[in-house]
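Let's take a friendly walk through a protein model. Keep the sequence and the 3D view open while you read.

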Amino acid sequence: MAKAAKFDRQEVIDLATNLYWKKGFNATSMRNLQDEIDMRPGSIYAAFGNKDGLFIETLRNYTDKGISLIHQYEKEKDSPLEALKDFVKYQVITTKEDAPNSMCMLTKTINELTSDNQELLDITKAHIEEISQEFAKLIEQSKELGEINSEKSALELAKYLQVQIAGLRTFAKIDGVECNLDKMINECFDHYPFNA
């Protein structure tokens with residue numbers, strides 16, 4: 001009979017997610033992982049295959065948490081547009097001090113990796129596309145309710161919004177004043193291309 005794993009897989013993935021988010025894939029050594037998740041190399045390889053395998057699980061974990069948060073705001077708000085705004089404010093304002101790195105983990109990964117890690121790049125791009133699709137669903141609902149007057153496709157607006165989030169998160173490091181960030185986020189939705 002196989003021996004049961006003596007670790008909490010989700011806890012390990014959460015710890016590794018924060019470490020990879022903070023340091024990036026290339027700067028995270030096996031030694032860093034060992035220290036952070038309290039597992040020996042043999043156990044890491046047995047559980048996750050290798051450093052790449054664990055990283056792939058952390059990308060999935062990060063994406064799933066983001067999607068879950070989008071759904072949470074969607075349930076809490078009567079307006080899909082307000083749900084989207086709240087998600088953006090959480091990403092830019094609420095977590096600007098708490099996140100291991102002020103940059104989105106997916107964006108950081110895209111910026112860090114080269115074609116030497118093509119599989120990881122492709123997986124990361126697919127996760128970014130998943131987030132885009134979730135944004136697009138809310139944007140489509142907003143258009144149906146007349147909250148957004150735009151001829152643009154929901155997916156184009158979703159991608160535009162992802163670019164805005166990346167820029168706003170960077171700006172938050174320069175000017176972390178919450179009222180300024182809040183105003184800029186509202187303006188993203190109040191003006192072109194959301195409302196021409």
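Start with T109, which counts as buried at 3% relative accessibility. Here, buried means under 20% relative accessible area, exposed means over 50%, and partly exposed is in between, using a 1.4 Å probe and protein chains only. T109 sits in helix α6. Leaving aside neighbours within four places in sequence, T109 is in contact with F55, L59, L121 and T124, where contact means heavy atoms within 4.5 Å.

Before going on, a word on what you're looking at. This is a predicted model, in which local features need pLDDT of at least 70 and side-chain atom pairs count only at pLDDT 80 or more, while totals for chains, interfaces and linings use all residues. Residues are numbered from 1 along each chain as its sequence is written, and side-chain values use heavy atoms, with hydrogens and water left out.

**The whole chain**

How many helices and strands does the protein chain have? The count is nine helices and zero strands. Helices are DSSP runs of H or I with at least four residues, strands are runs of E with at least two, and both are numbered from the N terminus. The C-alpha trace spans about 60 × 40 × 35 Å along its principal axes. Of the 196 residues in the protein chain, 44% count as buried. Take the contacts with a separation of 6 or more: residues 24 or more positions apart account for 67% of them.

**Two helices that cross**

Back to the helix that holds T109. Two packed helices are described by the angle between their axes and the distance between the axes. For α6 (residues 105-112) and α7 (residues 118-144), the axes come within 10 Å and cross at roughly 145 degrees. These axes are lines fitted to C-alpha atoms, for helices over the stretch in contact, and angles run from 0 to 180 degrees between N-to-C directions. The crossing of α6 past α7 is left-handed, meaning that the near helix is turned anticlockwise from the far one by less than a right angle.

Which residues meet there? From α6 come L106, T109 and I110, and they meet L121, T124, K125, H127, I128 and I131 of α7. This contact divides into five nonpolar, three polar and one charged residue. Ala, Val, Leu, Ile, Met, Phe, Trp, Tyr, Cys and Pro count as nonpolar, Asp, Glu, Lys and Arg as charged, and the others, Gly among them, as polar.

**The largest pocket**

Now look for the largest pocket, which holds about 830 Å³ of space. On a 1 Å grid over the protein atoms alone, a pocket is an open set of points where a 1.4 Å probe fits, with protein on both sides within 12 Å along at least five of seven lines; lining residues have an atom within 4 Å of a point. Grid points are joined across faces, edges and corners, and the volume is the space filled by probe spheres set on the points. The lining has 32 residues, and Y62, Q91, C104, L106 and R169 lie nearest the centre of the pocket. Helices α1 (9-23), α4 (51-76), α5 (80-94), α6, α7 and α8 (154-174) each give two or more residues to the lining. By class, the lining has 15 nonpolar, 10 polar and seven charged residues.

**Three more residues to find**

Contacts in this table leave out residues up to four places away in sequence.

| Residue | Helix | Relative accessible area | Contacts |
|---|---|---|---|
| T17 | α1 | 5%, buried | T58, N61, Y62, M105 |
| V12 | α1 | 4%, buried | F7, I37, M39, F48 |
| K143 | α7 | 22%, partly exposed | I148, S150, K152, S153, A154 |

K143 and F194 are 51 residues apart in sequence, yet their C-alpha atoms are 9.5 Å apart. V12 and D38 are 26 residues apart along the chain, with 8.4 Å between their C-alpha atoms.

**Two backbone oddities**

Most residues other than glycine have a negative phi, and most peptide bonds are trans. D38 isn't a glycine, but has a positive phi of about 60 degrees. Is D38 buried or exposed? It counts as exposed, at 71% relative accessibility. You'll find D38 in the loop between α2 (30-37) and α3 (41-48).

The other oddity is the peptide bond from Y192 to P193, which is cis, with omega near 5 degrees. P193 lies in the segment after α9 (178-190).
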